[in-house]
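This report introduces selected side-chain interactions to a reader who has not met the structure before. Please view the sequence and the model first, and then follow the text from one residue to the next.

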Amino acid sequence: MSWFESLVLGLVQGLTEFLPVSSSAHLRLTAAFSGWKDPGAAFTAITQIGTEAAVLIYFRKDIGRIVMAWFRSLFDKAMRQDHDAQMGWLVIIGSIPIGVLGVTLKDQIEGPFRDLRITATMLIVVGLVIGFADRRAARDEKGGRHRVARQGKTLESLNVRDGLIYGLCQACALIPGVSRSGATISGGLFMGYRREAAARYSFLLAIPAVLASGAFELKDAMGSGHVAWGPTLFATVIAFVSGYAVIAWFMKFISSKSFMPFVYYRVVLGIVIIALVTAGVLSPHAAESAG
């Protein structure tokens with residue numbers, strides 16, 4: 001992998017990780033359109049450490065409060081009723097599905113799931129799901145002639161059932177094209193949560209899964225000797241900087257804007273990919289992963 005490739009792929013990772021468009025799909029597509037080797041699942045997982053570092057810094061006050069309350073709840077029964085302590089447990093519970101499926105489906109994630117036809121299909125299907133969830137949430141917020149407007153649930157309403165549903169939605173993002181934020185935010189909207197609440201929990205929920213995945217891939221990569229460490233670490237830093245800027249923008253965007261621009265983009269991109277693969281312009285299978 002060249003330094004220029006790492007710059008571009010790091011920017012793509014940071015710019016798309018938190019948007020409902022699928023960062024893993026865009027890394028795969030950027031390489032395919034540029035004629036580069038597929039950066040691979042390991043590169044994706046390692047650079048995601050950079051974007052999660054952005055989450056840790058952006059939400060540092062929330063995370064610090066949750067971690068402290070959760071730790072105190074281990075020794076103080078009264079603290080177990082505290083919302084922040086419960087959030088800590090709910091993040092752990094919500095991380096179970098992706099942890100189990102990530103280990104179980106590791107070979108599929110690094111192989112068959114990276115087929116561009118699957119990626120394109122997921123871009124379209126999940127895009128339509130996001131659009132439906134967004135329209136439903138907007139309708140509930142505005143109300144109507146025969147409906148009373150509903151404000152939506154906040155994270156104070158989060159319980160074990162909802163936490164597990166969020167976790168199952170997040171696990172779907174193991175397939176390129178789904179989008180971690182798109183799946184979890186849509187799940188939250190279907191359950192009646194406000195956009196800001198759904199996005200905030202989506203970002204918090206991703207922390208254990210992404211850091212664990214990154215550490216796991218990092219361990220394997222260090223033993224393999226096939227990773228271009230300079231460009232990969234450079235891409236991780238680029239992903240951190242661009243990812244932080246996207247979080248700040250996206251949290252403001254969702255408070256008043258619709259997700260429909262992302263829906264249109266996903267559907268059009270998916271259709272274009274299917275057309276190019278069908279015409280033989282793009283190969284559906286990844287080239288050998290870049291080292």
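In this predicted model, a polar atom of the threonine 184 side chain lies 2.7 Å from the backbone oxygen of arginine 180. Threonine 184 belongs to helix H9, which covers residues 180-190. The relative accessible area of threonine 184 is 0%, and the residue therefore counts as buried, the cut-off being under 20%. When neighbours within four places in sequence are set aside, threonine 184 has contacts with Tyr166, Cys169, Gln170 and Ser202.

Arginine 180 also takes part in a salt bridge. Its side chain meets that of glutamate 17, with an N to O distance of 3.9 Å. This pair connects distant parts of the chain, 163 residues apart: arginine 180 is in helix H9, whereas glutamate 17 is in the loop between helix H1 (3-16) and helix H2 (23-34). Both arginine 180 and glutamate 17 are buried.

How many salt bridges does the structure hold? The number is 8. In general terms, side chains of opposite charge can pair when their charged atoms come close. Three of these salt bridges are set out below, including the one already described.

| Salt bridge | N to O distance |
|---|---|
| Arginine 180 and glutamate 17 | 3.9 Å |
| Aspartate 62 and arginine 65 | 3.4 Å |
| Aspartate 162 and lysine 153 | 3.4 Å |

Aspartate 62 and arginine 65 are both located in helix H4 (residues 60-73). The two residues are 3 residues apart, about one turn of the helix. Are the partners of this pair buried or partly exposed? Aspartate 62 has a relative accessible area of 16% and is buried because this value is under 20%. Arginine 65, by contrast, has a relative accessible area of 40% and is partly exposed, because this value lies between the 20% and 50% cut-offs.

Aspartate 62 and arginine 65 also belong to a network of salt bridges, in which they are linked with Asp84 and Arg200.

The salt bridge between aspartate 162 and lysine 153 likewise joins a buried residue to a partly exposed one. Aspartate 162 is buried, with a relative accessible area of 1%. Lysine 153 has a relative accessibility of 26%, so this residue falls into the partly exposed class.

Technical notes. Residues are numbered from 1 along each chain as its sequence is written. This is a predicted model: local features need pLDDT of at least 70, side-chain atom pairs count only at pLDDT 80 or more; totals for chains, interfaces and linings use all residues. Side-chain values use heavy atoms; hydrogens and water are left out. Helices (H or I, at least four residues) and strands (E, at least two) are DSSP runs, numbered from the N terminus. Buried means under 20% relative accessible area, exposed over 50%, partly exposed in between (1.4 Å probe, protein chains only). A polar contact is a pair of N or O atoms within 3.5 Å; within protein, one must be able to donate a hydrogen and the other to accept it, and residues adjacent in sequence count only if both atoms are side-chain atoms. Contact means heavy atoms within 4.5 Å. A salt bridge is a side-chain nitrogen of Lys or Arg within 4 Å of a carboxyl oxygen of Asp or Glu.
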